[in-house]
Amino acid sequence: MDHTADRPLFKQLADVLRQKIRDRALAPGDKLPSLHRLAAEYGVSVATVEDALAELRGEGLIESRKGVGSFVLEQADRQTVTVEGPAVVRARMPTPDERRDLGLPAQGVPVLVVEEDGQERVLPANRTRLEIPPR
């Protein structure tokens, strides 16, 4: 971690852990080291580790279970969804029913709500790539 860099330490730590997940050094199902162990290993505070893990949860890369730890999630293929104009796209946290129906982890992963032609689609943000064609 570069304590003198402009990039916040939690983002630097998230980058390191994200790369380990991409490189499969941390594979799906693997338990991450404890907050205190990560803090000691990377020379940062526990709060910094918590912020980094929150970022990874929001990307759908890990799931944290209170009192148990954080685990690497299986990465699903991204679906490309084309949004034809005019449309409105919002991000929000899912309802419990949406979380269940979309197979989202218990916390951290938002949904994208695409409103188009009077219709609303709710999509998992960690598995959706929006494509907006040029006009």
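What pLDDT does the chain average, and what percentage of the residues score at least 70?

**Entry 1. Confidence**

I began with the confidence of this predicted model. The chain has an average pLDDT of 91, and 100% of the residues score at least 70. I then looked up the extremes by element. Strand β1, residues 62-65, has the lowest confidence, with a mean of 88. Helix α2, residues 35-42, has the highest, at 97.

**Entry 2. Overall layout**

I listed the secondary structure and found four helices and seven strands. Read from the N terminus, the order of elements is α-α-α-β-β-β-β-α-β-β-β. I took the extent along the principal axes: the C-alpha atoms fill a box of roughly 50 × 35 × 25 Å. Of the 135 residues, 34% count as buried. For contacts between residues at least 6 apart in sequence, I noted that 52% join residues at least 24 apart.

**Entry 3. Surface and charge**

I looked up the exposed area of the chain, which is about 8200 Å². Carbon and sulfur atoms supply 49% of that area. I recorded 20 positive and 22 negative side chains. The centres of the two charge sets lie 3 Å apart.

**Entry 4. Helix α1: Q12 and I21**

I examined two residues of helix α1, Q12 and I21. The helix spans residues 9-22. Is Q12 buried or exposed? Q12 has a relative accessible area of 11%, so I entered Q12 as buried. Beyond its neighbours within four places in sequence, Q12 is in contact with M1, D2, A5 and R7. For D2 I also noted a polar approach: its backbone nitrogen lies 2.8 Å from a polar atom of the Q12 side chain.

I21 has a relative accessibility of 6% and therefore counts as buried. With residues up to four places away set aside, I21 touches L26, L61, I62 and V72. I also took a C-alpha to C-alpha distance from I21 to L73 and obtained 9.3 Å, for two residues 52 apart in sequence.

**Entry 5. Helix α2: A39**

I turned next to helix α2, where A39 is placed. A39 is buried because its relative accessible area is 7%, under the 20% limit. Which residues does A39 touch, not counting those up to four places away in sequence? I found V44, S45, V46 and V49. I then took a long span from A39 to I132, which is 93 residues away along the chain. Their C-alpha atoms are separated by 40 Å.

**Entry 6. Strand β2: S70**

I located S70 in strand β2, residues 69-72. Its relative accessibility is 9%, so S70 counts as buried. Its contacts, apart from neighbours within four places in sequence, are D30, K31, L32, L53, I62, E63 and S64. What is the length of the polar contact that joins the side chains of S70 and S64? I read 2.6 Å for this pair.

I62 appears in two of my lists: I21 touches I62, and S70 is also in contact with I62.

**Entry 7. Loops: R24, T95 and D117**

I checked backbone angles in the loops. Most residues other than glycine have a negative phi. I noted R24, which is not a glycine, with a positive phi of about 70°. R24 lies in the loop between α1 and α2.

I entered D117 as well, with a positive phi near 50°. D117 sits in the loop between β5, residues 111-116, and β6, residues 119-124. Is D117 buried or exposed? The relative accessible area of D117 is 70%, over the 50% limit, and D117 is therefore exposed.

I closed with T95, in the loop between β4, residues 87-92, and α4, residues 96-102. T95 counts as partly exposed because its relative accessibility is 35%, in between the limits of 20% and 50%. From T95 I took the C-alpha to C-alpha distance to D30 and found 27 Å. T95 and D30 are 65 residues apart in sequence. D30 had already entered my notes as one of the contacts of S70.

How values were computed. Residues numbered from 1 in each chain as written. Predicted model: local features only at pLDDT ≥ 70, side-chain atom pairs only at ≥ 80, totals over all residues. Heavy atoms only, no water. Buried < 20%, exposed > 50% of the residue type's maximum accessible area, 1.4 Å probe, protein only. Polar contact = N/O pair within 3.5 Å; in protein donor to acceptor, adjacent residues only side chain to side chain. Contact = heavy atoms within 4.5 Å. pLDDT = per-residue confidence, 0-100. Areas by Shrake-Rupley, 256 points an atom, 1.4 Å probe, with all protein chains shown as cover. Lys, Arg positive; Asp, Glu negative; His and termini not counted. Charge placed at Lys NZ, Arg CZ, Asp CG, Glu CD.
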